[in-house]
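Dear colleague,

I am handing over the structure we spoke about, and my notes on it follow below. Please read them with the model open beside you.

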Amino acid sequence: MDLKKRRKILEKKKTIHDLIKRASSIVDPLSPFDSFRRYRKNDLSVYLESGRGDRLSSSMKQYIRKLLKMNMEVFYGSDWPIQAKAKRQEMSSADAHYIFVRELSYGKAYETSTRGISIKGCNQIAGFVHYRFTLEEEIPVLYVYEIQLESRIQGKGLGEFLMQLIELIASKNRMGAIVLTVQTSNALAMTFYMSKLGYRISSISPSKANLLTFSAKYEILCKTFDSEAKSVLEKIDEEPTKD
Ligand SMILES: CC(C)(COP(=O)(O)OP(=O)(O)OC[C@H]1O[C@@H](n2cnc3c(N)ncnc32)[C@H](O)[C@@H]1OP(=O)(O)O)[C@@H](O)C(=O)NCCC(=O)NCCS
């Protein structure tokens with residue numbers, strides 16, 4: 001490879017690395033999207049807060065563990081103990097960004113109070129999103145590690161709203177795609193991402209990457225925002241050549 005080409009590749013790598021570093025260091029990625037801090041629909045009234053993995057309180061860690069077990073154990077079956085351990089470690093990483101969903105249990109009082117913010121902490125947590133800015137096949141992506149809502153607030157449009165917000169955060173930080181992993185046994189989540197939100201099975205998903213030895217119980221889904229990300233993460237299988 002000639003020197004000029006090599007320098008160009010290194011420059012591109014550095015730009016991408018800087019992009020991820022900058023995005024990861026933002027204290028509150030929700031701040032450009034103030035109108036998304038509240039969701040009021042279908043008898044649900046919640047607000048959203050940002051958080052970081054290395055700043056979780058022990059009660060928050062306990063809550064996350066409980067909700068993960070409640071929502072996900074059934075989909076992992078006998079793999080759950082190993083998965084639970086991995087998720088416990090991932091949860092507290094400094095790279096982990098969170099959106100916490102808090103229910104406005106003080107309803108009207110909150111609306112009318114000029115000191116609304118001061119009662120924020122009293123409101124009950126009802127779910128969260130864990131996401132990271134990272135690299136996938138050299139493409140800068142926002143990876144959704146978890147989106148978990150308590151059962152009583154599911155099916156009310158909040159998941160779609162949160163994923164719209166995630167798209168805005170990804171675009172604002174110039175990520176090429178959103179990537180996430182779903183257990184194939186989690187049929188509702190598969191429908192949610194693929195039919196409702198237009199995600200596709202990525203070419204890096206086990207089912208696409210290695211058809212012959214496919215045994216994985218999960219798919220990697222993606223939504224791409226530019227042609228480079230599309231060409232890498234949504235590579236179209238080549239037609240077999242006819243002799
Ligand atoms: C998956 C999840 C984030 C979706 O959020 P949500 O707020 O329930 O979904 P929305 O109300 O925005 O969208 C509902 C659609 O998602 C799907 N869906 C997924 N889970 C659902 C649930 N528990 N109840 C109702 N619909 C659900 C349906 O296809 C539904 O389509 P419809 O509106 O045409 O009926 C949420 O249900 C959840 O936290 N589930 C448990 C944890 C989980 O599976 N997380 C995903 C792991 S990859």
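Two strands are taken to pair here if DSSP finds at least two bridges between them. By that rule S7 and S8 pair in the antiparallel sense, over two bridges, and in this pair Arg 200 stands opposite Cys 222 in S8. Please keep in mind throughout that this is a predicted model.

The overall fold

The protein chain has eight helices and eight strands, and buried residues make up 25% of its 243 residues. Among the contacts between residues at least 6 apart in sequence, 65% join residues at least 24 apart. The eight strands form an open sheet of mixed pairing, and their order in it is S1-S2-S3-S4-S5-S6-S8-S7. Its edge strands are S1 and S7, the latter covering residues 200-201, and each of these pairs on one side only.

At the S1 edge, strand S1 (residues 38-41) is joined to strand S2 (residues 44-52) in the antiparallel sense over four bridges, with Lys 41 standing opposite Leu 44 in S2. The hairpin that these strands make has two residues between them, and Asn 42 takes a positive phi there, near 45 degrees.

Further along the sheet, S5 and S6 run parallel and are joined by four bridges, and Leu 142 stands opposite Ile 178 in S6. Between these two strands the chain crosses through H5, and this β-α-β crossover is right-handed. Strand S6 (residues 177-183) is largely enclosed by the rest of the structure, because five of its seven residues are buried. S6 is also joined to strand S8 (residues 218-224), by seven bridges and in an antiparallel arrangement; in that pair Val 182 stands opposite Glu 219 in S8.

The nonpolar core

In soluble globular proteins, nonpolar side chains tend to be buried together. In this model the largest nonpolar core has 45 residues, and those with the most contacts inside it are Val 129, Leu 142, Val 144, Ile 166, Ala 177 and Ile 178. The largest share of this core, eight residues, comes from S5. If residues up to four places away in sequence are left out, Ile 166 touches Val 129, Tyr 131, Leu 142, Val 144 and Ile 178.

The surroundings of the ligand

Which residues are the closest to the ligand? There are 18 residues around the ligand, and the closest are Gln 154, Gly 155, Gly 159, Glu 160 and Phe 192. Strand S5 (139-149), helix H5 (158-172) and helix H6 (187-196) each supply at least two residues of this shell, and the largest share, five residues, comes from H6. By class, the shell has seven nonpolar, eight polar and three charged residues.

H6 itself is hardly covered, since the count of buried residues among its 10 residues is one. Just after this helix, Gly 198 takes a positive phi of about 75 degrees.

Individual residues to look at

Most residues other than glycine have a negative phi, and most peptide bonds are trans. Against that background, two charged residues in loops may be worth a look when you go through the backbone.

Glu 138 has a positive phi, near 70 degrees, and its place is in the loop between strand S4 (125-136) and S5. Is Glu 138 buried or exposed? Glu 138 has 12 C-beta neighbours inside 10 Å, and a residue with 12 or fewer is taken as exposed, so Glu 138 counts as exposed.

Arg 174 also has a positive phi, near 55 degrees, and is found in the loop between H5 and S6. With 16 other C-beta atoms within 10 Å, Arg 174 is partly exposed, because that count falls between the limit of 12 or fewer for exposed residues and that of 20 or more for buried ones.

Lys 87, whose place is in helix H3 (residues 80-91), is partly exposed as well, with 19 other C-beta atoms within 10 Å. The C-alpha atoms of Lys 87 and Glu 146 are separated by 9.5 Å, although these residues are 59 apart along the chain.

With best regards

Technical notes
Residues are numbered from 1 along each chain as its sequence is written. This is a predicted model: local features need pLDDT of at least 70, side-chain atom pairs count only at pLDDT 80 or more; totals for chains, interfaces and linings use all residues. A residue is near a molecule or strand if its C-beta atom, placed from the backbone, lies within 6 Å of it. A nonpolar core is a set of buried Ala, Val, Leu, Ile, Met, Phe, Trp, Tyr and Cys residues joined through C-beta atoms within 7 Å. Two residues are in contact if their C-beta atoms, placed from the backbone, lie within 7 Å. A crossover is right-handed if, with the strands pointing away from the viewer, the path from the first strand over the helix to the second runs clockwise.
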